[in-house]
Every structure is written in C-alpha cells, then in structure tokens.
Amino acid sequence: MSMAGNLRKVTGLGRVGGLRKVARLARRRPRVDLSHPARSPLGSSVVKCVTYQDGVRVPGCADLVDAVRLVRKTGEGFVWLGLHEPTDREFTGIAELFDLHPLAVEDAVEAHQRPKLERYGDTLFAVFKTVCYVEHEQLTATSEVVDTGEIMVFVGEDFVITVRHGRHGSLGPLREELEADPHQLAKGPAAVLHAIADHVVDDYLSVTDAVQADIDQVETDVFSENGARLDAGRIYQMKRELLELKRAVVPLGRPVEELATRPIRVVAPEIQTYFRDVLDHLIRAKEQIAAFDELLNSILQAHLAQVTVAQNEDMRKITAWAAVVAVPTMVCGVYGMNFEHMPELHWRFGYPLIMAVTAGACLAVYRGFRRNGWL
C-alpha cells in the first residue's frame, strides 16, 4: 500500500475500508487520554496520542484517527503516538494507517532487538536500548545493577510512533520538556527523534556514573586488609552487568553516526547538528565502559593474586607449626623404642632433662620461624 493511497484514506479523499477498519478498532474500547507513567487501566497499549502544529499541542485530538485526519488534511504538524508493549492485534490497525513495513512492525512488537537504524521508504525506524541503574544497599554476587528496556521509534513526514518495552524509560517527562520548547518541537518528527536519542544517551552517562561508584567500592574492598577474603562473585557480577550495559551502548554508535552525518529525508540538516552532540556523549559513554572493563579485569587479577599470596602464607604457617611439632615427635619417638640399655633411662634427672631439651628446641625453632615472618 503506497503512502499516497494511505493519505487519501485518512483525509477522506478516498473513502475505502482502511479507515473504517481502524475506526472500528478504535471504537472497541473507550477513548481515554492516558498519562505517561503507566499503561491504560483498560489494558490498551496506547499511552498517549497528541497532535502538534507549530510546536504547540492541538487540544481535542486524543483519538488517533481524528488526529491523523487533521494533520493530513491541513498538511501541517505531526502526530505523536506513544505505545507500551503493544500486541500484534493492537498494532495491526496502526500499521495499516501509517503504512509501516511488516518487518519493522514485527521488530516493534517482539522487542529484544539490537540498537539499529533502518529506512523503509519514507519511514525511518530506530531501535534504542534503554538502561536504568538498580539501587541496592550492598553489592552481592547476585545483585542486579543494570536493567534494560527498549524504545522503538517510527518517524515519518507527519508522525512519530514510539513503542516502549520494559519497566522504565517513560517518555512522559521528555514529552513535557519538548512541549515547553515549542521552537524545537516545531522542527517536526526529527526533533522528537533527537530528543529521544539524547534522553537515552544521557541515561547511559548517568548509569555509568553510578556503576563507577560500585566499581570503586569493589576496588576498595579488594585492596583492604581482608581483600583476599572478598567473594570473587561480586567482581564477576559487575562484569556481567557491565556486559549488559555494553550491549546497549556500543551498537548504538553506528545508527547515531548515520543520523549525524548521512543525509536522511526525514531528518533536516539543522537537526543533524544536534545528533552530533548526541554522538559525542555516546562516545564518552563507550569510552567509560571500555575503561570499566579493563579496570575490572585488573581488579580480578589483583584479587586472584591476593588469594594466591594468602594461600602461600597459610601453607608457610602450617609448615612452620609442623616443624615445631616435629621436634617433640622425634624425641618421643626415640625414647619410645623400649630398649633396655638406653642413656639416661634409669637416671633420676633424665625425664626432666629430656623435657627441658625438647621445650628449648621447640622454642628455638619457633623463634626462628617467627623472626623470618613465617609465624
């Protein structure tokens, strides 16, 4: 289905079944204007549908079909539709209305996608991995440090569709910030795409700062007096969580670079300048993650070396005490052979003398090991 044909359906120039089908889908549940923090109490995936003209919200256009009809009839403004974990059935009518590519729709519904940027005709499809730092009182071998989600964005000439997956990453505050800056919002759907990318990358920097505090604490514990007794699972857990963060941040470099440097129809050159700033912040986040990975490797190696040194010290102590115990064992072994003619066997002071010699030998051996640091 072409975009022109879809346009005729929405604006009423061609009254065919597509618009009626979407209208029937819309009438199946009450039309409610939902706030950003939560999904619909009625089970709908629609978080919000807003129409903007000249950067200002158009009141009374919460219904998707009416909003699209208004925008395409006047040829001004755009529609921003926000969804949260939609199902195939819920997304079918939306995909037909905006002529979205089936592959992009499948990615948006299924989620668990790698950050990417794809072009399908006049529509741009972007995938962002969102991250959130999970607060915890103390880092353990099972602590969750980073929680991830996804935001898929469809960008056209007159619409923006955001599909969010996960427990965090609400775009409501971002929408309010944009509405407070009508000049920026008037630049169209590409301005919304930039704001989302900037919001996601700023979260990366916030999470990396929080992760750095955890890594600093682990480093302090490793090099403390009882560092060898530290559970190595804490270090491995930090590496696993850092890997999760790395999977979200690193693949996004190429899509943001394309948005910042390559000509794209729905992204005006003035918006590309803003994407260059996002790219700089993303590079900073990538460098921090790479440095964290190297630092954790060094911390792990240092911890393993400490464990080896501690084990060697334990073995030296055991060996030293074994040598001390060997002295009376040897003496007792000699006088326990029960020969009839043995020196000092029938001497009155034989037993005290042997005990004194044994104690003196043990003390001499102990002081020798103590002086050499073995005990």
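This briefing walks through the overall build, the nonpolar cores, one helix and three buried polar residues of the structure above. The model is a predicted one. Twelve helices and seven strands make up its secondary structure, and 46% of the 375 residues count as buried.

**Overall build**
- Among contacts with a separation of 6 or more, 67% join residues 24 or more positions apart.
- The accessible surface comes to about 20000 Å², and carbon and sulfur atoms account for 54% of that area.

**Nonpolar cores**
- As background, nonpolar side chains tend to be buried together in soluble globular proteins.
- Here, the largest nonpolar core brings together 62 residues. If you would like to find its most connected members, look for L124, F128, L193, I196, Y204, V211 and V267, which have the most contacts inside the core.
- Helix α8, residues 189-222, supplies the largest share of this core, with 16 residues.
- V267 is a handy place to start looking: beyond its neighbours within four places in sequence, V267 is in contact with L124, A190, L259, Q272 and F275.
- A second core, separate from the one around V267, has 27 residues, including C49, L83, F98 and V109.

**Helix α12 and its buried side**
- Helix α12 runs over residues 350-371, and its length works out nicely: at 1.5 Å a residue, its 22 residues should span 32 Å, which agrees with the 32 Å between its end C-alpha atoms.
- Five names to pick out on this helix are G350, T358, C362, G368 and F369, the buried residues of α12.
- These buried residues lie on the same side of α12, because they cover an arc of only 125° around the axis.
- Part of the cover over the buried residues of α12 comes from α11, residues 269-335.
- On the face turned away from the buried side, α12 carries the exposed residues R367 and R371.
- Just after α12, G373 adopts a positive phi of about 80°.

**D147 in strand β6**
- D147 belongs to strand β6, which covers residues 146-155.
- With a relative accessible area of 13%, D147 falls under the 20% cut-off and so counts as buried.
- The side chain of D147 has a partner in the side chain of R167, with a polar contact at 2.8 Å.
- Setting aside residues up to four places away in sequence, D147 touches T130, V131, C132, V134, R167 and H168.
- One of these, V134, is 13 residues from D147 along the chain, and the two C-alpha atoms are separated by 6.6 Å.

**S143 in the loop before β6**
- S143 sits in the loop between β5, residues 123-133, and β6.
- Although it is in a loop, S143 is buried, with a relative accessible area of 9%.
- A polar atom of the S143 side chain lies 3.5 Å from the backbone oxygen of Q138.
- Q138 is also among the contacts of S143 beyond four places in sequence, together with Q237 and E241.

**K48 in strand β1**
- K48 has its place in strand β1, residues 46-53.
- This lysine is another buried residue, with a relative accessibility of 16%.
- K48 and L64 are 16 residues apart along the chain, and their C-alpha atoms are separated by 9.4 Å.

Note on methods: Residues numbered from 1 in each chain as written. Predicted model: local features only at pLDDT ≥ 70, side-chain atom pairs only at ≥ 80, totals over all residues. Heavy atoms only, no water. Core = buried A, V, L, I, M, F, W, Y, C linked by side-chain atoms within 4.5 Å. Buried < 20%, exposed > 50% of the residue type's maximum accessible area, 1.4 Å probe, protein only. Helix = DSSP H or I, 4+ residues; strand = E, 2+ residues; numbered from the N terminus. Contact = heavy atoms within 4.5 Å. Polar contact = N/O pair within 3.5 Å; in protein donor to acceptor, adjacent residues only side chain to side chain. Expected span 1.5 Å × (residues − 1). Arc of directions from axis to C-beta. Areas by Shrake-Rupley, 256 points an atom, 1.4 Å probe, with all protein chains shown as cover.
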